[in-house]
Amino acid sequence: MNEAYVPTAGKIMLVGIGPGSVDHMTKRARDAIAEADVVIGYVTYIKLVADLIEGKEIIRKSMTEELDRAVSALEAARAGKKVALISSGDAGVYGMAGPTFEVLFQSGWTPDDAVQVEIIPGASALNSCAALVGAPLTHDFCAISLSDLLTPWPTIARRLDAVAMADFVVALYNPKSGRRTRQIVEAQRLFLRHRRADTPVAIVKSGYRRRQNIVFTTLDSMAEADIGMLSTVLIGNSNTFVRHGLMVTPRGYANKYDMEEGGATREGERAGRSLSTGLLGWLETLQAEHAAGDSIATLAARHRLPADYIRDTLSEPVEAEGVASEESEA
């Protein structure tokens with residue numbers, strides 16, 4: 001008696017296709033789509049890879065059907081098919097990787113399952129948009145989505161306020177849509193509590209796509225610009241500047257080196273060592289200020305840090321700095 005045929009389990013490939021131009025897709029992303037029996041994605045993303053999917057089974061879903069896409073991918077993989085589940089940018093940055101793993105875990109899937117899962121990274125919007133406007137992300141930055149479809153607004157607002165105060169360069173995803181028009185205004189209001197009105201802002205719409213548009217503006221004017229769901233808003237930090245049409249955030253070399261004197265090390269600084277205002281230097285200053293009579297509350301207010309952090313820091317002894325090169329740290 002012949003045994004019943006059991007199809008080989010397939011594979012889910014979570015493909016980040018980058019900003020939308022085939023030229024900016026990774027080779028692995030293109031190969032994954034070529035290998036796939038089924039391609040699943042939001043209708044706009046399907047159009048972006050139209051030249052790569054001829055002859056394949058295509059499953060198109062709307063913007064709000066992320067879980068349906070993941071379910072369809074799992075069903076097809078269980079049937080033995082190779083599935084390319086595509087996201088613009090990177091699948092793990094506001095993309096399909098998260099919803100897919102939620103569906104997989106809910107179904108009882110584990111990494112030992114016959115259905116394989118591969119995540120194929122791509123350039124996210126913050127990377128591609130930054131490349132179009134200069135070098136705004138050279139120092140610490142973060143990304144925040146203004147979409148409140150799944151995240152409560154107070155949570156988003158707290159994050160905006162925190163990063164604005166902490167002087168991060170910020171990339172705003174999903175800044176505005178036909179129905180969500182006030183969120184960008186509220187974000188601007190929160191940032192203006194902590195940042196100068198003339199803080200540089202770059203707005204990139206449809207980066208690397210047919211209708212690409214780039215606008216340089218300032219924090220106090222950004223909400224008046226043409227912003228939509230295909231826009232990414234890059235807000236600079238206190239050191240970001242725009243020159244010759246390029247938005248640049250300095251890495252911080254001028255804190256240690258005199259850039260106008262051929263890069264000579266500034267007085268009180270040492271090449272290969274932390275800044276005099278780095279952790280150890282700051283700890284010594286903090287200890288001295290406290291010994292001179294400044295209270296923990298005063299120090300917390302001066303340095304804009306939590307009082308309990310100041311207290312706990314003062315209770316720890318200051319240790320000597322080890323020797324390490326800047327190159328090794330980089």
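**Two sheets and two unusual loop residues**

At 21% relative accessibility, asparagine 174 counts as partly exposed, because the buried class ends under 20% and the exposed class begins over 50%. This value, like the others below, comes from a predicted model. Asparagine 174 sits in the loop between strand S8 and helix H7 (183–192). Its backbone is worth a look: phi is positive, about 45°, although the residue is not a glycine.

A second residue with this feature is histidine 244, which is not a glycine and has a positive phi near 55°. Histidine 244 lies in the loop between strand S12 (241–243) and strand S13 (246–248). With 77% relative accessibility, histidine 244 counts as exposed, because that class covers values over 50%.

Now to the sheets. One open sheet has 5 strands in the order S3-S2-S4-S1-S5, and the pairing is parallel. Strand S3 (57–61) and strand S5 (116–120) form its edges; each has a single partner strand, so one side of each has no neighbour in the sheet. On average, neighbouring strands here are turned by 15° against each other, direction ignored. Strand S2 (residues 38–42) runs parallel to S3 and is joined to it by 5 bridges. Within this pair, valine 39 has isoleucine 58 in S3 as its bridge partner. Helix H4 (residues 97–106) packs on the sheet and touches strand S1 (11–16), strand S4 (82–87) and S5. The direction of H4 makes about 160° with that of S1.

Another open sheet of 5 strands follows the order S7-S8-S11-S9-S10, and its pairing is mixed. At its edges are strand S7 (141–145) and strand S10 (213–218), each paired on one side only. The twist from one strand to the next averages 20°. S7 and strand S8 (residues 169–173) run parallel, joined by 5 bridges. In this pair, cysteine 142 stands opposite valine 170 in S8.

Two helices that pack on this sheet can be followed next. Helix H5 (residues 125–133) touches S7, S8, strand S9 (200–205), S10 and strand S11 (231–235). The direction of H5 makes about 70° with that of S11. Helix H6 (residues 153–165) touches S7 and S8, and its direction makes about 160° with that of S7.

Last comes the annotation. An unreviewed UniProt entry lists residues 11–222 as "domain: Tetrapyrrole methylase". In the model, this span is 33% helix and 24% strand, and its end C-alpha atoms lie 44 Å apart.

Definitions and conventions
Residues are numbered from 1 along each chain as its sequence is written. This is a predicted model: local features need pLDDT of at least 70, side-chain atom pairs count only at pLDDT 80 or more; totals for chains, interfaces and linings use all residues. Side-chain values use heavy atoms; hydrogens and water are left out. UniProt positions are given in the numbering used here, feature names are shortened, and annotations may be inferred rather than shown by experiment. Helices (H or I, at least four residues) and strands (E, at least two) are DSSP runs, numbered from the N terminus. Two strands pair if DSSP finds at least two bridges between them. Axes are lines fitted to C-alpha atoms, for helices over the stretch in contact, and angles run from 0 to 180 degrees between N-to-C directions. Contact means heavy atoms within 4.5 Å. Buried means under 20% relative accessible area, exposed over 50%, partly exposed in between (1.4 Å probe, protein chains only).
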